[in-house]
Amino acid sequence: MRSVSIFGATGSVGESGFDLLMRAGGPDAFRTVALTGGRNVARLTEMALALRAEIAVTAFDDALPALREALQGSGIEAAAGTGALTEAAMRPADWTLSAIIGAAGLAPGMAALSRGGTLALANKESLVCAGGLLRKTAMAGNATILPVDSEHSAIFQSLGADNLDSVEHITITASGGAFRDWPMERLASATVAEASVHPNWQMGQRITIDSASMFNKAMEVIETHEFFDLPAEKIKVLIHPESILHAMVTHKDGGTIAHLGPPDMRHAIGYALNWPARQPLPIALLDLAAIGSLSFSEPDEARWPALRLARQVIAAGGAAGAVFNAAKEQALADFIGQRIAFTEMAPRVEATLDRMAKQPHFGQEPHDLSTVLDWDRAARKAAAA
Ligand code: NAD
Ligand code: MG
């Protein structure tokens, strides 16, 4: 029986992963090792009971008493805190879904990679802030990283057995988010509620706002660079409001292989779950005649300065990814907390990058987790409103 764990089970991606496991037989088909969540103890408990998990972990110490009480008599262990997350990730599992939001997903992801198995990676932040370290850890642990971000799963699937040497460039698409058609002068007064609505995807609030600011796509450009080892100039972004075509691989011989499908994360998660095989998934099949037409345009970098910053981060290397991600997380938290305007996020991230670039060792790639976390802490402090 295959053993599985989900980190960030109670989130948007985690729920989709849980749904797939349940549809595929639940506890009769999988031995669930660990499920983790945040403050939604009731949902975490429900999931742990349904999959008969070995351990349920909440990220927050103050939620432990409630989790303990809810799981009493079930035989399921309860634990809390970042140490417990890492400990749970060290427990062997064949397949681990990394679906925590933010840099908090890095430590558990590294722990999972160090003990082998497959890490199905939705947590793009870990690749952005510590791509080299993650790959090194996977290599040393004989582990496999599979992409779960829809664009990266699409690239992975489009590439198939093709050699990267034949690739001219890769294109990932972006819907344009909530403010694609807003007049530029209105953006400064955009509210959190307005930014928290995505035209096509149902996702957690933070990534939805990152889609409106295009920071999500900026992160994905860096993720593409880290995952597929492609230089920045070979990674293109195309605005595609319908979110049907997720990515394309253009080869030097003029052939372009694209991946299409409805915007449903269960495809990418299920692909990573069943890889290298393909199994039926509960995904609506593509009906292009019903959709009628697909449209594409160049992204406007004045509207979305985050895209320029992503290329700057790739060019800088070293600690730039960790600083970029942390400054972005801080600016986003400050926007959600209504301390800064929507349009202040990108300038804040850029100023933090500029400031931190003057620090010693900025150009060196962080060689261990604690160095990444040091940069992360310093960048959050520098970016804070
Ligand atoms: P979400 O906010 O819905 O869920 C996040 C999960 O992480 C929850 O289980 C939450 O309890 C947990 N969590 C929150 N803070 C934590 C902390 N400090 N420590 C440990 N756990 C914590 O997020 P999401 O939208 O599901 O996104 C999860 C990840 O997947 C992100 O990295 C995101 O970029 C990526 N992703 C999401 C989608 C999507 O459709 N939602 C698509 C592609 C990639
Ligand atoms: Mg994506």
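## Burial and overall form

A residue is counted as buried if 20 or more other C-beta atoms lie within 10 Å of its own. In this predicted model, 48% of the 385 residues of the protein meet that criterion.

The protein contains 16 helices and eleven strands. Its radius of gyration is 20 Å, close to the 21 Å that the globule rule gives for 385 residues, so the protein is as compact as a globular protein of that length. Measured out along the principal axes, the C-alpha trace extends over about 55 × 50 × 40 Å. Among the contacts between residues at least 6 apart in sequence, 68% connect residues at least 24 apart.

## Two domains

The chain is divided into domain 1, covering 2-147, and domain 2, which consists of 152-263 + 283-383. The centres of domain 1 and domain 2, taken over C-alpha atoms, are separated by 24 Å.

Where the two domains meet, 18 residues of domain 1 are in contact with 24 residues of domain 2. On the side of domain 1 that touches domain 2, α5 (106-114) and α6 are the elements that give two or more residues. The largest share of that side, nine residues, is provided by α6. By class, the side of domain 1 that touches domain 2 comprises eleven nonpolar, five polar and two charged residues.

## The shell around ligand 1

There are 25 residues around ligand 1, and those that come nearest are G11, G38, A59, M203 and G204. Both domains take part in this shell, with at least three residues drawn from each of domain 1 and domain 2.

Three helices, α1 (12-23), α6 (124-141) and α9 (205-213), each supply at least two residues of the shell. The largest share, three residues, comes from α1. Helix α6 thus appears in two settings: it supplies residues to the shell around ligand 1, and it gives nine residues to the side of domain 1 that touches domain 2. By class, the shell around ligand 1 consists of twelve nonpolar, nine polar and four charged residues.

## An annotated segment

An unreviewed UniProt entry lists residues 145-228 under the name "domain: 1-deoxy-D-xylulose 5-phosphate reductoisomerase C-terminal". In the model, the chain over residues 145-228 is 44% helix and 13% strand. The end C-alpha atoms of this segment are 11 Å apart.

Definitions and conventions
Residues are numbered from 1 along each chain as its sequence is written. Chains are lettered from A and ligands numbered from 1 in the order in which they are written. This is a predicted model: local features need pLDDT of at least 70, side-chain atom pairs count only at pLDDT 80 or more; totals for chains, interfaces and linings use all residues. Helices (H or I, at least four residues) and strands (E, at least two) are DSSP runs, numbered from the N terminus. The radius of gyration is taken over C-alpha atoms; the globule rule is 2.2 Å times the number of residues to the power 0.38. A residue is buried if 20 or more other C-beta atoms lie within 10 Å of its own, exposed if 12 or fewer, and partly exposed in between; C-beta atoms are placed from the backbone. Two residues are in contact if their C-beta atoms, placed from the backbone, lie within 7 Å. UniProt positions are given in the numbering used here, feature names are shortened, and annotations may be inferred rather than shown by experiment. A residue is near a molecule or strand if its C-beta atom, placed from the backbone, lies within 6 Å of it. Ala, Val, Leu, Ile, Met, Phe, Trp, Tyr, Cys and Pro count as nonpolar, Asp, Glu, Lys and Arg as charged, and the others, Gly among them, as polar. Domain bounds come from an automatic or database domain assignment.
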